[in-house]
Each structure stands twice: as C-alpha cells, then as structure tokens.
Amino acid sequence: MQYSNRSLGRKMKNKLALQMQGGLPEVEGVPMIGLVSRMDYQKGIDTAIEALHLIGDLNWQAFILGSGTTDIEQAAEQLMEAFPEKVFTKIGYLPDLAREIYAGADMFLIPSRYEPCGLTQMISMRYGTVPVASSVGGLKDTITDYGDGKGDGFLVEADDAQKLAERITDAINAFADQKAWRKIQLAGMRKDFSWDASANKYLTLYKELLN
C-alpha cells in the first residue's frame, strides 16, 4: 500500500502483510525491524545478528533479506531458527520484497562498519521507517540522532554489538510512545535529499565564497 506523510497511519497494513509473508505473529503493537543488505563484513550484518541475540528477551520482530558471504547467510538463518516467532530470514536478491520490507517495517537496521554514502537510510526514511544505524560516513551525515525529543534516527558506534543492542532497545522504547514515534517518522520523511536541494546548498556556498 502506498502512503505519504499525510497517510502514515495506513502503514500498519503493510506491516501486517509483511508479518503474514514471514509467517510471524500478526500483532500490531510489536515493533518490526527491517534489514535489507548485502551480507558481508563491510555491512556489519554479523554485528547486527549478535545484537539481536542479545535482546532476544525483548518484544520485537525482524525481517531480514540479503545474500553474500556464506557464514553470514548461515548466521542469519540460525537467528531465525533461534527465534522462530520473532525472525524471518530470506536469502537472496529480491527488489520487490525489499520494498515491502521498507514499507512494512517500523525501524531499519544499518550496522555498516563503514559507509561512504549509502541510500538505504534515505529510502527507509522516505517510507517512514526509522533508521538505527552506525555513526559512520554518509549515515552520520544524513541521519540526525534522536535525543531530547528531536531527531529522525538512532546512531551508534560501529562494530559494537552491545552498544547496537542498547540503541535498538532505545528505539523499541521510543516506539512504545506512538505520538513521539510519529514525530521521529515525520522528521525523516520531510528531509529533502534531492539534487535540487543539494544544488541550492552549493549555490549558497559559492555566493558566500564570492563575498
């Protein structure tokens, strides 16, 4: 189902459809974590898997999609085996399913060890899906860390499973207050990553240099 910042309440239907597709309990109030990525060392998927193991006793679900290094693929599948009521893992490159995850998840996990720019966080925010990401490279440049009631995502030190688990927990706790969560979603949806916005920033900079 398509939606905008004026119809964000309809996002729940996407979430329920995603839960059904993954064979997960169809519960509205449980936060859904999405993860779509190439499964390799750079993307930090092994760190994410370890972090999710650490918070296994909390109330959450996760839908994981990706392919890459065999041992990381296997670890993602083992996570599903360990938490069959919480996790669905699909190995493969499936763009249509990726869009469904962006649309249906409540938060999006981006645990990269390094990331020159990245589009994942921009896509997730456009769908009203709050990023939980490493504070590196383009992720740090495009996500405003949430704190004191302001921000559009949750940033964490890269390659630290314990700290990532703590930040995911922060996001889960924030999700419990749906009024505050809606503000976080809308803050991300309102960001403008277009070339028009970038061009205006460059033009402003050039004018300042000329003066």
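**Exercise 1. A loop aspartate**

Decide whether Asp 159, with a relative accessible area of 42%, is buried, partly exposed or exposed, and describe where the residue lies and what its backbone does.

Solution. Begin with the cut-offs, in which buried means under 20% relative accessible area, exposed means over 50%, and partly exposed lies in between, with a 1.4 Å probe and protein chains only as cover. Asp 159, at 42%, is therefore partly exposed. The model is a predicted one, in which local features need pLDDT of at least 70 and side-chain atom pairs count only at pLDDT 80 or more, while totals for chains, interfaces and linings use all residues. Residues are numbered from 1 along each chain as its sequence is written, and side-chain values use heavy atoms, leaving out hydrogens and water.

Next, place the residue: Asp 159 belongs to the loop between strand 6 and helix 7, where helices (H or I, at least four residues) and strands (E, at least two) are DSSP runs numbered from the N terminus. Finally, turn to the backbone, where the phi of Asp 159 is near 60 degrees, a positive value in a residue other than glycine.

**Exercise 2. A second positive phi**

Which loop holds Asp 148, and is this residue buried or exposed?

Solution. Asp 148 sits in the loop between helix 6 and strand 6. With a relative accessible area of 83%, Asp 148 is exposed. Its phi is positive, at about 55 degrees, although Asp 148 is not a glycine.

**Exercise 3. Pairing across the sequence**

What is the distance between the closest N and O atoms of Arg 113 and Asp 159, and which parts of the chain does the pair tie together?

Solution. Side chains of opposite charge can pair when their charged atoms come close. The criterion for a salt bridge is a side-chain nitrogen of Lys or Arg within 4 Å of a carboxyl oxygen of Asp or Glu, and the structure holds 10 of them. For Arg 113 and Asp 159 the closest N and O atoms are 2.9 Å apart, and the two form a salt bridge. Arg 113 lies in the loop between strand 4 (107-110) and helix 5 (120-126), whereas Asp 159 lies in the loop between strand 6 (154-156) and helix 7 (161-175), so the pair ties together parts that are 46 residues apart in sequence. Arg 113 counts as buried, at 14% relative accessibility.

**Exercise 4. An arginine with two partners**

Trace the salt bridges that Arg 167 forms with Asp 145 and with Asp 170, and then name the network that joins Asp 46, Arg 113 and Asp 159.

Solution. In the pair of Arg 167 and Asp 145, the closest N and O atoms are 2.7 Å apart. Arg 167 is in helix 7 and Asp 145 in the loop between helix 6 (137-142) and strand 6, so this salt bridge connects parts that are 22 residues apart in sequence. In the pair of Asp 170 and Arg 167, the corresponding distance is 2.9 Å. Both of these residues lie in helix 7, three residues apart, about one turn of the helix. As for accessibility, Arg 167 counts as buried at 13%, while Asp 145 is partly exposed at 36% and Asp 170 is partly exposed at 34%. Asp 46, Arg 113 and Asp 159 are joined into one network by salt bridges that share partners.

**Exercise 5. Two helix pairs**

How are helix 2 and helix 3 oriented to each other, and how is helix 1 oriented to helix 4?

Solution. Two packed helices are described by the angle between their axes and the distance between the axes. Here the axes are lines fitted to C-alpha atoms, for helices over the stretch in contact, with angles running from 0 to 180 degrees between N-to-C directions. Angles under 35 degrees count as roughly parallel, over 145 as roughly antiparallel, 65 to 115 as roughly perpendicular, and the rest as oblique.

For helix 2 (residues 45-54) and helix 3 (residues 70-82), the axes come within 10 Å and cross at roughly 15 degrees, and the two helices are therefore roughly parallel to each other. Helix 1 (residues 11-22) and helix 4 (residues 95-104) pack at an angle of about 130 degrees with their axes 8 Å apart, which makes helix 1 oblique to helix 4.
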